[in-house]
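Visitor: I would like to learn how to read a structure of this kind. Please show it first.

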2 protein chains.
Amino acid sequence: MSDHKIIRTEDLEQMETRYRASFVNSLGGFKSVVLIGTKNKEGRENLAIFNSLIHIGANPALCAFIVRPDVSPRHTLENIIETGFYTINHLNTDIYKSAHQTSARYDRETSEFEATGLETEYLEGFFSPFVAESKVKFGCEFVQRINIELNGTSLIIGKIVQISVPEDCILEDGFVDIEKAGSLTVSGLDSYHSTSRLARLTYAKPNKFPEEI
Amino acid sequence: MSDHKIIRTEDLEQMETRYRASFVNSLGGFKSVVLIGTKNKEGRENLAIFNSLIHIGANPALCAFIVRPDVSPRHTLENIIETGFYTINHLNTDIYKSAHQTSARYDRETSEFEATGLETEYLEGFFSPFVAESKVKFGCEFVQRINIELNGTSLIIGKIVQISVPEDCILEDGFVDIEKAGSLTVSGLDSYHSTSRLARLTYAKPNKFPEEI
């Protein structure tokens, strides 16, 4: 098709570094974007934005995300390994600019909560700080680190152990209406989006086209 | 907060299986949703929907997704390992219902392209079938399979080697405007959403709050 551009490996290799990062990051589609809250043993709090959260399994409830240990800031990873706990907090319209700002390279002494004005919230029985302004959030126990030797990144797997969601967003079948809760999505490295539901679709079976729920 | 429900590990364990799957899948936020196209050595085509695509790196351009080898259909994984190639195709409003339908448990003899009415498209020099109706799509070379022993899933890592995107969606800085291309996002297992951009934000630096680009 004439209005489509075809890009191959050699074209990717010739792109300027930041151009390529922006281009390749866009291809993955709309991504989950969350703030990960941690605290080290001395009580120093840390908050960082991540856009690589994936679902690994429901029983046990597992999720994972990618970190680049070779790139600053790596305080999130250090705190997770040191203490075994972290929180995952959805973004919403009120906080996405502050959330984006946590990606600035603050030094180790600076709490991104203080630097960006986001408030900490501690839920009973959980070590790490949540983001008070976040509506959908959960605490994780560190389970496993898998190193991806191809490019020095790591997959960090955690078990979801404590969840806080708006009661009126939990539907009868267990589905959580995160659009109603105002959760956002990201594309590329810096583009934030709200969503509009097209439909929920029925469980797919051969010879029966899906219907809207 | 009184309008928030707190759910702990023991509550998760007591949930009915489908309720828990729907609930836990919702927590991960809005996710990338794509169709993965493959073909085996005999030429049999396969198409399946996945919602766990993540960006691994830009140089080399790597992405990954999760498969459950213990659960049918596993034809996608078999074809990837047998041939070394697969395509990743974004959804849009015109095709999301057909895309969802590919998750029905068709037998090995059935092509999900034929069963759902989606059309195959072959791009010069690439082995696996693309989805003709998809606007943003790319071909991958299989690189590595990492087994996650915790729950029997696998992370499949691929190198992006050939990309097709609408020319007018590529911006000056390399960002691809996938919202303009009509790409969708998913929440939970079955809820499809279009998006509305709030803003792109400038690269974050300490002591300077991000601005809209």
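Guide: We will go through the interface, then a loop glycine, then a hairpin.

Guide: This is a predicted model, in which local features need pLDDT of at least 70 and side-chain atom pairs count only at pLDDT 80 or more, while totals for chains, interfaces and linings use all residues. Residues are numbered from 1 along each chain as its sequence is written, chains are lettered from A and ligands numbered from 1 in the order in which they are written, and side-chain values use heavy atoms, with hydrogens and water left out.

Visitor: How many residues does each chain bring to the contact?

Guide: Contact means heavy atoms within 4.5 Å. Here 110 residues of chain A and 111 residues of chain B take part. The buried area (accessible area, 1.4 Å probe, lost by two parts on being put together, summed over both) is about 9600 Å², with 60% of it on carbon and sulfur atoms.

Visitor: How many salt bridges are there between chain A and chain B?

Guide: A salt bridge is a side-chain nitrogen of Lys or Arg within 4 Å of a carboxyl oxygen of Asp or Glu. The count between the two chains is four. One of them pairs A:Lys97 with B:Glu212, whose closest N and O atoms are 2.8 Å apart.

Visitor: Which strand of chain A gives the most to the side that touches chain B?

Guide: Strands (E, at least two residues) are DSSP runs, numbered from the N terminus. Strand E11 (residues 153-166) of chain A gives the most, with eleven residues. Two strands pair if DSSP finds at least two bridges between them. E11(A) pairs with strand E1 (residues 4-8) of chain B, antiparallel, over five bridges. Within this pairing, A:Ser164 stands opposite B:Ile6.

Visitor: Is A:Gly188 buried or exposed?

Guide: Buried means under 20% relative accessible area, exposed over 50%, and partly exposed in between (1.4 Å probe, protein chains only). A:Gly188 has a relative accessible area of 0%, so it is buried. It lies in the loop between strands E12 (185-187) and E13 (191-200) of chain A. Beyond its neighbours within four places in sequence, A:Gly188 is in contact with residues including A:Asn25, A:Asn51 and, from the other chain, B:Phe175.

Visitor: Why is strand E5 of chain A described as largely enclosed?

Guide: Five of the five residues of E5(A) (residues 54-58) are buried, so the strand is largely enclosed by the rest of the structure. E5(A) runs antiparallel to strand E6 (residues 61-67) of chain A, joined by four bridges. A:Ala58 has A:Ala61 as its bridge partner in E6(A), and a hairpin links the two strands through two residues.
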